[in-house]
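Reader: I'm new to looking at structures like this one and I get lost quickly. Could you pick out one part, the way the helices pack, and take me through it slowly?

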Amino acid sequence: NHRRQYETVLRQIVQVDQRAGSKRTDRVRYLAALATLELSEPLVRQYKQIRLTLPLKRSMARKKRSMEKSLKVFGAMLDYGVPDVTVAATYRIADIYYDLTRAILESDRPRKLNKLELEQYDILLEEQAYPFEEKSIKLHKKNMELLKRGLYNEWTEKSIKQLGELLPIQFAKPEIGEAYVSSSR
């Protein structure tokens, strides 16, 4: 399988960088950072596939374990100090928090609730989801700061788009993205 061979080569690049010690070069560090980004894709897919079902406590524990595993990998990507990969990792972390927000709000509801209980349950879920949405917004805004410093790529573009969905009044206008891009040039 070509994908398996490709991933093996990516892991080897990461290992070479980890073992390089004082002989570590910027080029190998850069390639290892890109390899780590590529290797993180299956983790993100796996995390996003976990739905919050009843009993909520059990499925939430599974989702949080997967989330922590992903956040650890993205934290390691930030440690490389490669700007393009930093933006990608920041976007991915923000996306993970936003996915958790959506998962909580779209989670299964207990069946035996009357209308009032269901409304109260929904309010409790919104209160649980809100801090994760706030973290997502904060991280996307961090990518916007990098954009102001001239770093524009697919990941800053994705952050602009996500902020447009999360904060439409502030960021959904086309001229916002254009202003950031032109001010960074």
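Author: Sure! Start with α3 and α4, which are roughly antiparallel to each other. This is a predicted model, by the way, so keep that in mind throughout. The axes of α3 and α4 cross at roughly 170° and come within 9 Å. Anything over 145 degrees counts as roughly antiparallel, so that label fits α3 and α4. As for handedness, α3 passes α4 in a left-handed crossing.

Now zoom in on who touches whom. On the α3 side you'll find M60, K63, M67, S70, L71, F74, M77 and L78. They meet a set of α4 residues that includes V85, A89, I93, I96, Y97, L100 and I104. Sorted by class, the contact of α3 with α4 has 14 nonpolar, 3 polar and 3 charged residues.

Let's stay with α4 for a moment. Helix α4 runs over residues 83-105, and at 1.5 Å a residue its 23 residues should span 33 Å. Its end C-alpha atoms are 33 Å apart, so the expected span and the model agree. Most of α4 is covered, too: 18 of its 23 residues are buried.

Just before α3 there's a little oddity to look for. P55 sits in the loop between α2 (26-49) and α3 (56-79). The peptide bond joining L54 and P55 is cis, with omega at about -5°. For background, most peptide bonds are trans.

Next, scroll along to the other helix pair. Helix α5 (residues 115-148) and helix α6 (residues 154-166) have axes 9 Å apart and pack at an angle of about 135°. That makes α5 and α6 oblique to each other. Here as well the crossing is left-handed, as α5 passes α6. From α5, the contact uses E133, S136, I137, H140, K141, N143, M144 and L147. From α6 come W155, T156, S159, I160, Q162, L163 and L166. The class count for the contact of α5 with α6 is 7 nonpolar, 6 polar and 2 charged residues.

One of those residues is worth a closer look: H140, which lies in helix α5. H140 has a relative accessible area of 0%, so it is buried. Setting aside neighbours within four places in sequence, H140 is in contact with S159, Q162, L163 and L166, as well as with Y91, A94 and D95. Try clicking on H140 and then on each of these partners in turn.

Notes
Residues numbered from 1 in each chain as written. Predicted model: local features only at pLDDT ≥ 70, side-chain atom pairs only at ≥ 80, totals over all residues. Heavy atoms only, no water. Axes fitted to C-alpha atoms, helices over the stretch in contact; angles between N-to-C directions. Helix = DSSP H or I, 4+ residues; strand = E, 2+ residues; numbered from the N terminus. Parallel < 35°, antiparallel > 145°, perpendicular 65-115°, else oblique. Left-handed = near helix turned anticlockwise from the far one by under 90°. Contact = heavy atoms within 4.5 Å. Nonpolar A, V, L, I, M, F, W, Y, C, P; charged D, E, K, R; others polar. Expected span 1.5 Å × (residues − 1). Buried < 20%, exposed > 50% of the residue type's maximum accessible area, 1.4 Å probe, protein only.
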